[in-house]
Amino acid sequence: MSQKSDRDIESQISKMEAAIGGDQSDENMAALRQALDRDWPSIQKHLIEEGRKTREYQVDENGIEYYIEDGRKIHVFNFDEWWLKDYDGGSALIRLPGVDIFNTKPAHVSSVVISLWNAYGIRPDAYEECDDCFTEDDILAHIERFPQGQFAAQRISGPGAGHCVGMATTMRTSRPPTAPILPWMQAIGDMRLSAHEADGEWLYGVEMAVHPMYQRHGIGTALYEARFQLARRLNLRGWYAVGMLMGYRDYAEKMDVVDYGAKVIKREIKDPTVTMQMNRGFRAERVVTDYVDEPAAGDAGLLIVWDNPDYEE
């Protein structure tokens, strides 16, 4: 991604200010939309840097920066600086309005875990009781083990800028989808993905979550696309996972989970998770029972497989 020059940024800031001030010409409104969708980090960084050029900053006894103006001590509070220092828009894999998809970095880890809490409706005070919930240390271990296979969706403008609102975790495996599918914990080895095989020919989908407030905004689709791109880039045979049959809770009194899964495969029933995955290019192969403890899905899912069309022996 090309970097904007200071002159370009200053021109954009002038147009934004004009739009906010009432001059809502097409050009000014386009500059404002562009800032909110894509350019907010570069604008904020520019403003911070310009402020440091024109003011002499000092640090008080509490470690807070301030400067003196007209004999008054003015403390510096920039609510974006905490994440902008680690932000690199040039490394974004996919860009959405107001959200960038990155390979997960250590700076993302705490909000990646919080997005998991929210996606699964787990209270922070109950998180330690969850045996199959990833912790910050687990996510850091994933990054160290397979950095290309970890993904974070980070807000880059508006309320909550800097925080991650979605995540995905993958690993590589030499075990093909034609082999018997292991229960989730056996498949990944442990919470730190000890079963990851650096030369495995298949990508295995371990986890994915999008904060409920940000669902249906293309973030999940982008996280899938990032993993499709990874499988192509690494020349893997494909990618497979077990999509949990989360719609089974509405049919549990009418049929067993194997019959429910068979109807989802035939598209006689639309499952909120697996049908969406089928619509994204996966083929549903077969029901996998006793996969992971998830009562709403009857502990079961469907094996979903995507064959890399660009794979070369």
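**Aromatic contacts and a cavity**

Y224, F228, W239, F282 and W306 form one aromatic cluster in this predicted model.

Student: Why is the pair of F228 and F282 called tilted?

Tutor: Planes under 30 degrees apart count as stacked and over 60 as edge-to-face. The planes of F228 and F282 stand at 40°, with ring centres 5.6 Å apart, so the pair is tilted. F228 lies in helix α7 and F282 in the loop between α9 and β10, so the pair ties together parts that are 54 residues apart in sequence. Both residues are buried.

Student: What makes R227 a residue whose charged end sits over the ring of Y224?

Tutor: The distance limit is 6 Å from the ring centre, and the charged end of R227 is 4.7 Å from the centre of the Y224 ring. The charged end of K254 sits over the ring of Y251, 5.3 Å from its centre.

Student: How do you know that W184 counts as buried?

Tutor: Buried means under 20% relative accessible area. W184 has 6% relative accessibility, so W184 counts as buried. F134 is buried too, with a relative accessible area of 1%.

Student: What makes the lining of the largest cavity free of charged residues?

Tutor: Asp, Glu, Lys and Arg count as charged. The lining consists of T104, V112, I139, H142, Q150, F151, M167, A168 and T169. By class, that gives 5 nonpolar, 4 polar and no charged residues. Strand β7 gives the most to this lining, with 3 residues. About 40 Å³ of space lies in the cavity.

How values were computed: Residues numbered from 1 in each chain as written. Predicted model: local features only at pLDDT ≥ 70, side-chain atom pairs only at ≥ 80, totals over all residues. Heavy atoms only, no water. 1 Å grid on protein atoms, 1.4 Å probe; cavity = no way out; pocket = protein on both sides within 12 Å on 5 of 7 lines; lining within 4 Å. Points joined across faces, edges and corners; volume = space filled by probe spheres on them. Helix = DSSP H or I, 4+ residues; strand = E, 2+ residues; numbered from the N terminus. Buried < 20%, exposed > 50% of the residue type's maximum accessible area, 1.4 Å probe, protein only. Phe/Tyr/Trp six-rings, centres within 6.5 Å; stacked < 30°, edge-to-face > 60°. Lys NZ or Arg CZ within 6 Å of the ring centre and 35° of its normal.
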